Amino acid sequence: MTAMNEQKIPYKIYLSEDEMPKAWYNMRSDMKVKPAPLLNPGTCKPMTAEELSGVFCEELVQQELDDETAFVPIPQEIQNFYKMYRPSPLVRAYCLEEKLGTPAKIYYKFEGNNTSGSHKLNSAIAQAYYAKKQGLKGVTTETGAGQWGTALSMACSYLGLDCKVFMVKVSYEQKPFRREVMRTYGADVTPSPSMTTEVGRKILAEHPGTTGSLGCAISEAVEVATTHEGYRYVLGSVLNQVLLHQSVIGLETKTALDKYGIKPDIIIGCAGGGSNLGGLIAPFMGEKLRGEADYRIIAVEPASCPSFTRGKFKYDFCDTGMICPLAKMYTLGSGFIPSPNHAGGLRFHGMSSTLSQLYHDGYMEARAVEQTEVFEAAEQFARVEGILPAPESSHAIKVAMDEALKCKETGEEKTIVFGLTGTGYFDLVAYQKFNDGEMSDYIPTDEDLEKGFAGIPDIPQNRE
């Protein structure tokens, strides 16, 4: 540990409150090719603000449609809430570097130092704030692993809003304590698909015994929001507005690195719908888009749900029930239901339109990794860095370690930054299965994927 003490870079880089971001950064403002617009599934024409406001909060609709504004001021009330748990630390992984014997310098942005246990609270409080400002009674949402549902229940409790959560059934059963945290904060939590909605009953009739998916849960949450007066639907990932709110992660990261004159070579984030990855890379991608700097940016996804690496770049429904707008994204098909693996937050069939366009245009790369090797990396990280990581975050850890070991082979002293989105203390069933040797890997066959692709809508934009 002597080498650590000799370093000028502290183990943890903290910012002061004055250094916290005062505005969110909108990556789309610097994109030469903008993300394709959301389409009305009935007309296949771009959704208008009026149409979207029937589902989403009015201010969030404006953020969703804004491709030009570079910086959006963060309301003071949200800044004040952020100060309860932000700024979050940027940590130099000295112990991991020593364990790997690598010349690489590894940093991780740790977003698990709040009660929700993840980065999701950054957008939850923003969306709840705008719902409250609009005078709504409550909001509905879906959640996979439970981090988003927990974060939203906290935000709604703080602001006095009702919160209805549809939790993917496999996670509802695997993570009862995550569910109870949501209930403690006043949320109504329903396993999805359920018999409480029309779309849920339809999905169960077509897929008896299904363990559910984020696409199923989204459909149910949207149905409830649009059939109950005074409610709107909010989403924890995928949408442009969510990536905007999550940019606080990357803005803080860049400020901390700049403080010590550090320029990363590789930036790595796990990718399910895109909220964490988009937030982490935002200011760095902005520099890349403007031609001011270059970085290798790697999106890491589970091999069991490989939307980037094996999906199609097409317009598709964001939900299994096909009631949401169409988004152009890398998708496995809205009917694709992934295996019930333990990275619940990465089990979405599609990917953010913004990140999909950036990937399509070659600004970043993607890698798919298998479940058992992810947990091997997670345990190694936990043993040397002292944090039990969430399974989702562990995808980024795996690839960060891979890249650091490549540096060991070549002798290159690259600087690697990855996002540690949250903790895994509610994921102990998964760790138990891994430790007992009961965890298996599942990679969908081409035939499996074709079944999902067959459900991608045949519309003019996709024929092009």
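This report walks through the cores, helix packing, salt bridges and odd backbone spots of one predicted model.

**Nonpolar cores**

Let's start on the inside. The largest nonpolar core has 75 residues, and the members that touch the most others are Trp-24 and Met-364. Helix 6, residues 121-133, supplies the largest share of this core, with 8 residues. As background, nonpolar side chains in soluble globular proteins tend to be buried together.

Met-364 is a good place to click in the viewer. Setting aside residues up to four places away in sequence, Met-364 touches Leu-277, Ile-281, Met-285, Ile-297, Ala-299, Phe-308, Leu-355, Leu-358 and Tyr-359. There is also a second, separate core, made of 27 residues, and Ala-377, Ala-396, Ile-397 and Val-399 are among them.

Two more buried residues deserve a look. Met-167 sits in strand 7, which spans residues 162-168, and its relative accessible area is 0%, so it counts as buried. Between the C-alpha atoms of Met-167 and Ser-352 there are 20 Å, while the two residues are 185 apart along the chain. The other is Asp-427, a loop residue between strand 15 (415-420) and helix 18 (428-435). Asp-427 counts as buried because its relative accessible area is 2%, which is under the 20% cut-off. Its contacts, leaving out neighbours within four places in sequence, are Lys-175, Ala-390 and Pro-391.

**Helix 12 and its two partners**

Helix 6 turns up again here, packed on helix 12 (residues 240-259) with the axes 8 Å apart and an angle of about 125°. That angle is why helix 6 is described as oblique to helix 12. The crossing of this pair is right-handed. On the helix 6 side, the contact is made by Asn-122, Ser-123, Ala-126 and Gln-127; helix 12 brings in Gln-241, Val-242, His-245, Gln-246, Val-248 and Ile-249.

Helix 3 (residues 58-65) packs on helix 12 as well, at about 90° and with 7 Å between the axes. So helix 3 comes out as roughly perpendicular to helix 12. Leu-60, Gln-63 and Glu-64 of helix 3 meet Asn-240, Gln-241, Leu-244 and His-245 of helix 12. Gln-241 and His-245 therefore appear in both contacts, the one with helix 6 and the one with helix 3.

**Salt bridges**

Side chains of opposite charge can pair when their charged atoms come close. In this model the count comes to 26 salt bridges. Here are three of them, with the N to O distance.

| Basic residue | Acidic residue | N to O distance |
|---|---|---|
| Lys-288 | Asp-294 | 3.5 Å |
| Lys-398 | Asp-402 | 3.1 Å |
| Arg-463 | Asp-458 | 2.9 Å |

How exposed are the partners? For the pair with Asp-294, Lys-288 has a relative accessible area of 17% and is buried, whereas Asp-294 is exposed at 53%. Lys-398 is buried at 16%, and Asp-402 is partly exposed at 23%. Arg-463 and Asp-458 are both exposed.

Salt bridges can also share partners: Arg-296, Glu-365, Arg-367, Glu-403 and Lys-406 are joined into one network that way. Back to Lys-398 and Asp-402: both belong to helix 17 (residues 391-410), and they are 4 residues apart, or about one turn of the helix.

**Backbone oddities**

Which peptide bonds are cis? One is the bond from Arg-86 to Pro-87, with omega near 0°. Pro-87 is in the loop that runs between helix 4 (76-82) and strand 4 (90-92). Another is the bond from Ser-192 to Pro-193, where omega is near 5°. Pro-193 is also a loop residue, between strand 8 (188-192) and helix 10 (198-206).

Finally, there are positive phi values in residues other than glycine. Val-238 has phi near 70° and lies in the loop between strand 9 (231-233) and helix 12. With a relative accessibility of 9%, Val-238 is buried. Met-322 has phi near 60°, and its loop connects strand 12 (312-317) and strand 13 (326-331). Met-322 is partly exposed, at 40% relative accessible area.

Key: Residues numbered from 1 in each chain as written. Predicted model: local features only at pLDDT ≥ 70, side-chain atom pairs only at ≥ 80, totals over all residues. Heavy atoms only, no water. Salt bridge = Lys/Arg side-chain N within 4 Å of Asp/Glu carboxyl O. Buried < 20%, exposed > 50% of the residue type's maximum accessible area, 1.4 Å probe, protein only. Helix = DSSP H or I, 4+ residues; strand = E, 2+ residues; numbered from the N terminus. Core = buried A, V, L, I, M, F, W, Y, C linked by side-chain atoms within 4.5 Å. Contact = heavy atoms within 4.5 Å. Axes fitted to C-alpha atoms, helices over the stretch in contact; angles between N-to-C directions. Parallel < 35°, antiparallel > 145°, perpendicular 65-115°, else oblique. Left-handed = near helix turned anticlockwise from the far one by under 90°.
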